[in-house]
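Please open the structure in your viewer and keep the selection tool at hand. The tour below proceeds from one selection to the next.

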Amino acid sequence: MSLQSDAAAIQDELAALRRELHQTPEIGLHLPRTQQTVLSALDGLPLEIGTGKALSSVTAVLRGGVAGGPVVVLRGDMDALPVVERTGEEFTSKNPGAMHACGHDLHTAGLVGAARLLSARRAELPGDVVFMFQPGEEGFDGAGHMIAEGVLDAAGRPANAAYGLHVVSNEYERGVFSARPGPLMAGSAGLFVKVVGAGGHGSRPHGARDPIPAACEMVTALQTMVTREFDVFDPVVVTVGVLQAGTKRNIIPDDALFEATVRTFSARAREKVRAASVRVCRGIAAAHGLDVEVRFEDEYPVTVNNADETDFLAGTVRDLYGDDRYLDMADPITGSEDFSRVLDRVPGAFVFLGACASDDPETAASNHSPLARFDDSVLADGAALLAELAMRRLSRTS
């Protein structure tokens, strides 16, 4: 039996697992119920299982038929988002204020499927597979925590390759895989600014030091900075998502603050935007006679697909599903991923899978929307691809 046919045979079980996970979403690094659900789903398989210390992770090692062979890591993230679900699905979230709005429930169920498929072929594997069930992808650096706890050496030797998959609720046709070599997703950072003035009566601004006009000027100046200081072929995005000041219209507050997300596709651009944004904010504050506190915090590096591994992945998709099921991404996207930390250390590739629940991906709600819906009929294909990548990669010379 082929991996595809075996995967098709467990499709309904994977869908049931995904829907169970969808109804009980958990946020952050600590996902005790999700962890227990995964452990139960893996029970009975010939896996060496460990759980995290600083987070509710699960690391499962499948020993192949050849001792000391190559090692492949397969990753699925498990955490949800602080979103109030409005999909109307019959299996909608039962946890108020939490939703699997990014499809991580599919990632988890799909990785369980890959573990089942490969466990049934254990004797055929010329090496080991590490299944990385990761919490905290959504802004908590779960991958970094798992790496610190040794996931990439869980087999007793360094991993030779790593693969991850991410479903998409819009843009792609259902069942279409898409990736590209090189930069795939942006690196992310946070810019935190507090403009410090001196409060007073709104009718007498000359008797105070108003931080609000300076903060507004900084926000607009940052946008001009991006368009005038950065190469359009090495793009930068600066978006202010938080702007806070004051309590009442006739009171000048002591301070104003704002926060921005920064996206870049190279280390050079990240370091340049770090220096430039600090310079702009300090310069404007000085011009207004105000003080300013500026903090620039790195989050995730650029997600970079290894060129050879991406070619290997694309060829595997085409072999399994045909040319029309693989799409070369023309451009990277400005979302970010902590799987970038894995790919910084291990050659590998990250691939997107269309899981749109409607027939019109162009108008469907996007990932992170309270209306995002994912078609779990793609689970078998995703699980089969991960398993096939591991089997083929282990058979290659490391």
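Two residues are said to meet, or to be in contact, when heavy atoms lie within 4.5 Å. The model shown is predicted.

**First stop: helices H2 and H4.** Select residues 11-23, which form helix H2, and then residues 104-119, which form helix H4. H2 and H4 pack at an angle of about 145 degrees, their axes being 8 Å apart. The crossing of H2 with H4 is right-handed. On the H2 side, display Glu13, Leu14, Leu17, Arg18, Leu21 and His22; they meet residues of H4 including Asp105, Leu106, Val112 and Arg116. This contact comprises 6 nonpolar, 3 polar and 4 charged residues.

**Second stop: helices H4 and H10.** Keep H4 and add residues 379-395, helix H10. Here the angle is about 50 degrees and the axes are 8 Å apart, which means that H4 is oblique to H10. This crossing, too, is right-handed. In H4, Leu106, Gly110, Leu117 and Leu118 are among the residues that meet H10, where Leu379, Ala383, Leu386 and Met391 are among the partners. Which classes of residue make up the contact of H4 with H10? There are 13 nonpolar, 2 polar and no charged residues.

**Third stop: the cores.** The largest nonpolar core has 60 residues, and Leu42, Leu118 and Phe131 are among those with the most contacts inside it. H10 gives the most to this core, with 11 residues. Select Phe131 next: beyond its sequence neighbours, its contacts include Leu47, Val58, Leu74, Leu111 and Leu118. Finally, select Met218, Ala276, Val278 and Leu290, which belong to a second, separate core of 30 residues.

Note on methods
Residues numbered from 1 in each chain as written. Predicted model: local features only at pLDDT ≥ 70, side-chain atom pairs only at ≥ 80, totals over all residues. Heavy atoms only, no water. Core = buried A, V, L, I, M, F, W, Y, C linked by side-chain atoms within 4.5 Å. Buried < 20%, exposed > 50% of the residue type's maximum accessible area, 1.4 Å probe, protein only. Helix = DSSP H or I, 4+ residues; strand = E, 2+ residues; numbered from the N terminus. Axes fitted to C-alpha atoms, helices over the stretch in contact; angles between N-to-C directions. Parallel < 35°, antiparallel > 145°, perpendicular 65-115°, else oblique. Left-handed = near helix turned anticlockwise from the far one by under 90°. Nonpolar A, V, L, I, M, F, W, Y, C, P; charged D, E, K, R; others polar. Lists of a residue's contacts leave out its neighbours within four places in sequence.
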